[in-house]
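Biologist: I would like a close look at one part of this protein, taken slowly and set against the rest of the chain. Could you choose a strand in the interior and walk me through what surrounds it?

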Amino acid sequence: MSENKEPLVTAVITTYKRKPEIVKRALDSIVGQTYNNLEIFVVNDCPSDKKLVEDLQNMITASSEDRTVHYIVVEKNGGACRARNLALEKAQGKYFACLDDDDEWLPKKIELQVRALEKHQDAAIAYCNAVIKYADLGKETVRNKKKQNEGNIYYELIGKNNI
């Protein structure tokens, strides 16, 4: 078996009381990435709803296609940051990418960000613009149309988090 030359990326969805069909959209956008070397975690931060725990497990099993999706149900609700940290403790990836349960990624997102990070070995983070779709209004807007800042933006982020 040949060794994969692409760095492993850990993709994490945290969810709390979200319907499985909404989480499925987020998961499908990860499963459908053009970048192949992914490990995927879904962290359910609502352990008290046993039916939701089971429904999410069934959806993950049906939706994961040929990718392995690790499902973590927390013992006690602790918020999205704690849920992400639980996945991070188990993560094997060189890079870590978080996706909210009601959001989706465009198919080349991870591929483009890994390419940028590998090209700029001194970079600590890669980020991008967002497209906001208002399904009920039938319109779409791009958030932060301006070119994103590059280079050492540490102090800028301390003052104003524009990511």
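Modeller: A residue is called buried here when its relative accessible area is under 20%, exposed when that value is over 50%, and partly exposed in between. By that measure 36% of the 163 residues of the protein chain count as buried. Please keep in mind that this is a predicted model, and that every value below is computed from it.

The chain holds 5 helices and 6 strands, which follow one another from the N terminus in the order β-α-β-α-β-α-β-α-β-β-α. The part I would choose is strand 2, which spans residues 38-44 and is mostly covered, with 7 of its 7 residues buried. In a regular strand the side chains alternate between the two faces of the sheet. In strand 2 both of these faces are covered, since Leu38, Ile40, Val42 and Asn44 are buried on one side, while Glu39, Phe41 and Val43 are buried on the other.

Along its length strand 2 pairs with strand 1 in the parallel sense, over 7 bridges, and one of the pairings sets Thr10 opposite Glu39, its bridge partner in strand 2.

The nonpolar surroundings of the strand can be followed through two cores. The largest nonpolar core has 26 residues, and Val42 of strand 2 is listed among those with the most contacts inside it, together with Val9, Ile13, Leu27, Ile30 and Ile110. Strand 2 is one of the elements that each supply at least two residues of this core, the others being strand 1, helix 1, helix 2, strand 3, strand 4 and helix 4. Apart from it lies another core, of 7 residues, which includes Phe41 and Val43 as well as Val74 and Ala87. Ile30 shows how strand 2 is met from elsewhere in the chain: leaving aside residues up to four places away in sequence, Ile30 touches Leu38 and Ile40, and also Ala11, Ile13, Arg67, Leu99 and Trp105.

Contacts of this reach are frequent in the model, because among contacts between residues at least 6 apart in sequence, where contact means heavy atoms within 4.5 Å, 69% join residues at least 24 apart.

Charged side chains add further links around strands 1 and 4, within a total of 8 salt bridges found in the whole structure. Arg18 and Asp101 meet in one of them, at 3.1 Å from N to O; this pair ties the loop between strand 1 and helix 1 to the loop between strand 4 and helix 4, across 83 residues. Of the two, Arg18 is partly exposed at 29% relative accessible area, whereas Asp101 is buried at 6%. Asp102 also forms a salt bridge with Arg18, with the closest N and O atoms 3.6 Å apart, and Asp102 counts as partly exposed at 36% relative accessibility. A further salt bridge joins Arg84 to Asp100, at 3.0 Å between the closest N and O atoms, and it connects helix 3 with strand 4. Arg84 counts as buried at 19%, while Asp100 counts as partly exposed at 35%. Through shared partners, Arg18, Asp101 and Asp102 are joined into one network.

As a contrast to the buried strand, Tyr154, Tyr155 and Ile158 form a nonpolar patch on the surface, with about 410 Å² of accessible area together.

Note on methods
Residues numbered from 1 in each chain as written. Predicted model: local features only at pLDDT ≥ 70, side-chain atom pairs only at ≥ 80, totals over all residues. Heavy atoms only, no water. Core = buried A, V, L, I, M, F, W, Y, C linked by side-chain atoms within 4.5 Å. Buried < 20%, exposed > 50% of the residue type's maximum accessible area, 1.4 Å probe, protein only. Helix = DSSP H or I, 4+ residues; strand = E, 2+ residues; numbered from the N terminus. Patch = residues over 30% accessible without salt bridge, like charges linked within 9 Å, V, L, I, M, F, W, Y side chains within 5 Å. Areas by Shrake-Rupley, 256 points an atom, 1.4 Å probe, with all protein chains shown as cover. Salt bridge = Lys/Arg side-chain N within 4 Å of Asp/Glu carboxyl O. Pairing = 2+ DSSP bridges.
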